[in-house]
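Here are my notes after a pass through the model, in no strict order. Have a look at the structure first, then see whether you read it the way I do.

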Amino acid sequence: MAAATPSHAISHHSPVTSLSKSPKLPSRFILPISSNPQNPTLRRPPPISLKPTLRRPLHVTNVLSTPTPATPTPAAADTTFISRYAPDQPRKGSDVLVEALEREGVTDVFAYPGGASMEIHQALTRSATIRNVLPRHEQGGVFAAEGYARASGRPGVCIATSGPGATNLVSGLADAMLDSIPIVAITGQVPRRMIGTDAFQETPIVEVTRSITKHNYLVLDVEDIPRIVREAFFLASSGRPGPVLIDIPKDIQQQLVVPKWDQPMRLPGYLARLPKPPQEAHLDQIVRLISEAKMPVLYVGGGCLNSSEELRRFVELTGIPVASTLMGLGSYPCSDKLSLQMLGMHGTVYANYAVDRSDLLLAFGVRFDDRVTGKLEAFASRAKIVHIDIDSAEIGKNKQPHVSVCADVKLALQGLNEILEGKRADLKFDFSVWREELNEQKEKYPLSFKTFGDAIPPQYAIQVLDELTEGDAIITTGVGQHQMWAAQFYKYNRPRQWCTSGGLGAMGFGLPAAIGAAVAKPDAVVVDIDGDGSFIMNVQELATIRVENLPIKVMLLNNQHLGMVVQWEDRFYKANRAHTFLGNPAEETQIFPNMLKFAEACGIPAARVTTKGDVRAAIQTMLDTPGPYLLDVIVPHQEHVLPMIPSGGAFQDVITEGDGRSTY
């Protein structure tokens, strides 16, 4: 039982460092400290064979939004969870961990076993609640956990062994950190006595992941497991969401203990720094700026995904056009007449025109990323900027706002809507002239593409998919040209339809993310729009899809190249090819590798389409086929993603014409 430190559990990263001795909390937040409203618990006496029952699923919002006073108090015994153990019955730490997950409402995990995590997997086999979806690579597991979280809004859970298993999670943790995705990653670790001895499959994963997790733990006392798991889920899903890692030595997993489920969380510093509700004076100031503006624009990001309803009402009340970031797609319907679709490097001309011309930029749930702003001093240079974000670190980080509100966007929009509805008789917004100007830009510079003979324009394939699925599918992607075309030509009309690696840009994301999305939303149509470069990075996950019989459709836009890098070679390097051809140089006219064979090896139906005239029927067949399906769509590598504002450029530098068939 002896631990290496007096506190028994080493936890890292600044969010939970206490900055205040007072545990007093913002009065309008519900903080589930004394009880867990998502999954209340009860320890029941024998019989042991009783199965655990799952209650309401964990509901995640961008912050805890319901205004009710709360203070951290010792947890009281809950009353609905039925344990398979007697209250005083000792059980292994691994069983405590699994029951802690059950109590958090977890029903699915993505776990790959190894020596240091075997005990956890043995405990999972004793759970009647949690299903393990076995990935074929730990990176596939963490990307699947992300896909689960992105599609559902609930924390995704992945589990890996120590050493290389743990380090294989790194890209997914970094991706979740940059895109604010709630995941809980659990890793096995060598026994405590061997930590620091360079033992077999030992890596200091807490140190490795310190800067790419919201928080992490090294468990050094088995009695801490219930509290740590509870804290991990709270941290992952509250405030600005993000990844949390729990590293558990093998001897802790094996140790017998009678768990104490009523331990309170120990997060005084974190709780003290959760953002307060927005002040009405600040919201009044924003309304005044709107009333004075002639050319306002909404710039919305991933922080608005949990406040889509409030955002739509705000637009209805004001008539302000909406431009979305890559991460924010779906927070406002892309097919609506007030939608300008995506802005930024590969955004629409009219979205970027609107931001450039605007006199008021309402930046909600965004971080002024370089792929959106380009040249910072030229971005929205004529506009007064209002920035609302839940993370104070983002306010003024890249672009200094005129008015800033550090708060949950959902609460801020609710407050703004209340003010607007209360003053409807006095406020007469009329932006019709401005909207007409933007409509002219839409007509002048629509998203378009060219067709060359029978070759399949990749944009056309996505357009057809949008039509045949009626814009209702969940779309995942890899990273590259296909990702940008999927953002441009599929119309996302609700939040959490769009799952892509935004900030990190991790190739290989699309296929495992589709697994997570399909597990989270079993009744949805899930389509992985992928590129051949990204697809092959996690192609092994086809085996998982087949074994789990997940009805995932893969539409592979295969151009035999690293398309986005080729585009930059064409534009900026005189088309000099530097290792961007992914085919076989000895047989350049042949499709290599044959993606259909990968599907065949895993028993997944597949087909290839090479001419534009056959695309619609091929996609319809894909959608009509029960279970998984792979459609290999052969597209020309000369296509460029347009519009394009070169990196570091301004709106005036936008490129709207050309492709790899021209020289620059």
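1. Let's begin with aspartate 95, which is buried at a relative accessible area of 4%. Keep in mind throughout that this is a predicted model.

2. What does aspartate 95 pair with? Its salt-bridge partner is arginine 126, and the closest N and O atoms are 3.0 Å apart. Aspartate 95 belongs to helix α1 (residues 93-103), while arginine 126 sits in the loop between α2 (118-125) and β4 (131-132), so the contact ties together parts 31 residues apart in sequence. Unlike its buried partner, arginine 126 is partly exposed, with a relative accessible area of 36%.

3. That pair has plenty of company: the count of salt bridges comes to 34. One to check by eye is glutamate 207 with arginine 210, where the closest N and O atoms are 2.4 Å apart. Glutamate 207 is partly exposed at 43% relative accessible area, and arginine 210 is partly exposed too, at 30%.

4. For a link between distant parts of the chain, look at glutamate 421 and arginine 313, which are 108 residues apart. Glutamate 421 is in helix α14 (residues 409-422) and arginine 313 in helix α11 (residues 308-318). Their closest N and O atoms are 2.9 Å apart. Glutamate 421 is partly exposed, with a relative accessible area of 38%; arginine 313 is also partly exposed, at 22%. Elsewhere, Glu146, Arg150, Asp175 and Asp179 are joined into one network by salt bridges that share partners.

5. Now the sheet. Six strands form an open sheet in the order β17-β16-β18-β19-β21-β20, with parallel pairing. β17 (498-499) and β20 (606-609) are the edge strands; each has a single partner, so one side of each is left without a neighbour in the sheet.

6. How many bridges join β20 to β21? There are four, and the two strands run parallel. β21 covers residues 629-634, and within it valine 633 is the bridge partner of valine 609.

7. Two helices to view against this sheet are α16 and α18. Helix α18 (residues 510-520) packs on the sheet and touches β16, β18 and β19, its direction making about 175 degrees with that of β18. Helix α16 (residues 458-468) lies across β16 (474-477), β18 (526-531), β19 (552-558) and β21, and runs at about 160 degrees to β19.

Notes. Residues are numbered from 1 along each chain as its sequence is written. This is a predicted model: local features need pLDDT of at least 70, side-chain atom pairs count only at pLDDT 80 or more; totals for chains, interfaces and linings use all residues. Side-chain values use heavy atoms; hydrogens and water are left out. Two strands pair if DSSP finds at least two bridges between them. Contact means heavy atoms within 4.5 Å. Axes are lines fitted to C-alpha atoms, for helices over the stretch in contact, and angles run from 0 to 180 degrees between N-to-C directions. A salt bridge is a side-chain nitrogen of Lys or Arg within 4 Å of a carboxyl oxygen of Asp or Glu. Buried means under 20% relative accessible area, exposed over 50%, partly exposed in between (1.4 Å probe, protein chains only).
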